[in-house]
Amino acid sequence: MIRPEDVRKHLDKRPFEAFRICLTDGQTYDVRHPDLCLIDRSTVYVGVPDPRRRGVALDTHHVALVHVVRFEPLNGKRRERTGRNKRV
């Protein structure tokens, strides 16, 4: 299971690297700016960026952590597995 700390690890990377949140039902949400993502103990709130104003969201998606299966970088590099599916 994905924990809030797993999401925080991606948001705290410097320099920040945009990433995709993949869910159990196949939906995905892109996190392109760390300021447009908020985490609580069971949910990630992903802001849809306003193309005209940096760091401002047009809308917000509520994503239950229990449905997150993995993170993928948006730069086309490797795919990171987390939780039970993590490769060792």
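**Entry 1, the hairpin.** I began with the hairpin of β1 and β2, where four residues lie between the strands and Gly26 takes a positive phi near 95 degrees. I note here that I am reading a predicted model, and I keep that in mind for each entry below.

**Entry 2, the partners of β1.** I then asked how β1 is joined to β2, which covers residues 28-31. The two strands run antiparallel, and I find four bridges joining them; looking for the partner of Ile21 in β2, I arrive at Tyr29. Turning to β6, residues 68-73, I find that this strand also runs antiparallel to β1 and that five bridges join the pair. In β6, Pro73 is the residue that stands opposite Phe19. Having followed β1 (residues 19-23) to both partners, I looked up how covered the strand is, and four of its five residues turn out to be buried, so that I describe β1 as mostly covered.

**Entry 3, the protein overall.** To place these strands, I looked up the secondary structure of the protein, which comes to one helix and seven strands. Read along the sequence, the pattern is α-β-β-β-β-β-β-β. Of the 88 residues, 33% count as buried. I also looked at contacts between residues at least 6 apart in sequence, and among these 41% join residues at least 24 apart.

**Entry 4, the cavities.** Rolling a probe the size of a water molecule over the atoms shows where empty space is left. How many cavities of 30 Å³ or more does a search of the whole structure find? The search finds two, and I followed up the second largest cavity, which holds about 30 Å³ of space. Its lining is made by Asp30, Val31, Arg32, His33, Leu36, Gly47 and Pro49. The elements that give two or more residues to this lining are β2 and β4, the latter covering 43-50. By type, I record three nonpolar, two polar and two charged residues in the lining of the second largest cavity.

**Entry 5, His33.** From the lining I picked out His33, which is found in the loop between β2 and β3 (37-39). Is His33 buried or exposed? Its relative accessibility is 16%, and because buried means under 20%, His33 counts as buried. The side chain of His33 reaches the backbone nitrogen of Asp35 at 3.0 Å. Leaving aside neighbours within four places in sequence, I find His33 in contact with Phe16 and Arg54.

Terms used
Residues are numbered from 1 along each chain as its sequence is written. This is a predicted model: local features need pLDDT of at least 70, side-chain atom pairs count only at pLDDT 80 or more; totals for chains, interfaces and linings use all residues. Side-chain values use heavy atoms; hydrogens and water are left out. Buried means under 20% relative accessible area, exposed over 50%, partly exposed in between (1.4 Å probe, protein chains only). Two strands pair if DSSP finds at least two bridges between them. On a 1 Å grid over the protein atoms alone, a cavity is a set of points where a 1.4 Å probe fits but cannot get out, and a pocket is an open set with protein on both sides within 12 Å along at least five of seven lines; lining residues have an atom within 4 Å of a point. Grid points are joined across faces, edges and corners, and a volume is the space filled by probe spheres set on the points. Ala, Val, Leu, Ile, Met, Phe, Trp, Tyr, Cys and Pro count as nonpolar, Asp, Glu, Lys and Arg as charged, and the others, Gly among them, as polar. A polar contact is a pair of N or O atoms within 3.5 Å; within protein, one must be able to donate a hydrogen and the other to accept it, and residues adjacent in sequence count only if both atoms are side-chain atoms. Contact means heavy atoms within 4.5 Å.
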